[in-house]
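Biologist: I have a new structure to go through. Can you walk me through it in plain words?

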Amino acid sequence: MYRLSVSIAVLGLFGQAWAGTGPQTPPVPPCSSDSHHAFDFWLGEWDVSDMDGNLAGENTIAVEEGGCVLVERWTSASGGTGQSYNFLDPATGKWRQLWISKGAVIDYSGGLTETGSMKLEGEIVYQTGGTRAPFTGEWTLNADGSVAQHFEQYNSVTDVWDDWFTGVYIRKIPAD
């Protein structure tokens with residue numbers, strides 16, 4: 001009888017504790033704000049062509065880590081590869097991309113422009129020799145759903161921004 005009384009008393013205390021807390025609002029998941037989705041237009045499976053219409057490669061951009069990072073996996077038409085990690089940096093509130101390949105590392109940050117393109121600015125460092133240069137990248141969603149990509153590297157000898165790559169992402173049609 002003593003055990004039964006204690007059990008009922010304990011259940012009564014828990015019941016009061018549960019009743020006193022009221023309805024619980026679920027916590028907002030991390031990386032779920034509109035700012036965290038500003039680069040979502042780049043998600044998907046893509047064929048990438050240069051401005052002359054030649055296939056430059058294929059690219060896959062996928063959401064990982066609960067929506068906190070976009071991971072890019074690039075394969076060029078000649079077989080070269082690279083990856084980037086794209087995220088809204090909680091320390092700065094800016095989008096940041098870290099691109100890594102056997103040719104170079106690009107680290108740059110920025111955000112949406114007034115026209116809605118994603119523009120990042122930073123630096124490229126080449127794996128061989130460690131040459132560094134200012135670098136920009138810009139992605140623009142086109143009305144037809146394609147994405148224009150434009151990279152520039154600063155040339156300190158000529159004091160000019162040179163095109164590094166300009167291309168168009170065409171979404172792959174899913175296989176049935």
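Modeller: Let me begin with Glu-123, which counts as partly exposed at 31% relative accessibility. Keep in mind that this is a predicted model.

Biologist: Which side chain does Glu-123 meet in a salt bridge?

Modeller: Arg-132, with 3.2 Å from N to O. Arg-132 counts as exposed, at 55% relative accessibility.

Biologist: Which residues are joined into one network by salt bridges that share partners?

Modeller: Asp-47, Glu-58 and Lys-172. Within that group, the closest N and O atoms of Lys-172 and Asp-47 are 3.7 Å apart. This pair links distant parts of the chain, 125 residues apart: Asp-47 belongs to strand β1, and Lys-172 lies in the segment after β10 (160-171).

Biologist: Are those two buried or exposed?

Modeller: Lys-172 is partly exposed, at 27% relative accessible area. Asp-47 is also partly exposed, at 28%.

Biologist: How many salt bridges does the structure hold?

Modeller: Five. Another one of them joins the side chains of Arg-73 and Glu-64, at 3.3 Å from N to O. Arg-73 is partly exposed with a relative accessible area of 41%, and Glu-64 is partly exposed with 28%.

Biologist: Next topic. What is the secondary structure of the chain?

Modeller: One helix and 10 strands. Along the sequence, the helix precedes the strands.

Biologist: How much of the chain counts as buried?

Modeller: Of its 176 residues, 30%. The chain exposes about 11100 Å², and carbon and sulfur atoms supply 58% of that area.

Biologist: And the largest nonpolar core, which members touch the most others?

Modeller: Phe-39, Trp-42, Trp-95, Met-118 and Trp-139, out of 26 residues in that core. Several strands supply at least two core residues each, among them β1 (44-50), β2 (55-64) and β9 (147-155).

Biologist: What is Trp-42 in contact with, leaving aside neighbours within four places in sequence?

Modeller: Its contacts include Asn-59, Ile-61, Glu-72, Gln-97, Trp-139 and Tyr-169.

Biologist: One more. Where is Asp-89 found?

Modeller: In the loop between β4 (81-88) and β5. Asp-89 is buried and has no salt bridge.

Biologist: Why no salt bridge?

Modeller: The nearest side chain of opposite charge, Arg-96, is 4.1 Å away. A salt bridge needs a side-chain nitrogen of Lys or Arg within 4 Å of a carboxyl oxygen, so the pair does not count. Asp-89 still touches Lys-94 and Arg-96, not counting residues up to four places away in sequence.

Definitions and conventions
Residues numbered from 1 in each chain as written. Predicted model: local features only at pLDDT ≥ 70, side-chain atom pairs only at ≥ 80, totals over all residues. Heavy atoms only, no water. Core = buried A, V, L, I, M, F, W, Y, C linked by side-chain atoms within 4.5 Å. Buried < 20%, exposed > 50% of the residue type's maximum accessible area, 1.4 Å probe, protein only. Helix = DSSP H or I, 4+ residues; strand = E, 2+ residues; numbered from the N terminus. Contact = heavy atoms within 4.5 Å. Lys, Arg positive; Asp, Glu negative; His and termini not counted. Areas by Shrake-Rupley, 256 points an atom, 1.4 Å probe, with all protein chains shown as cover.
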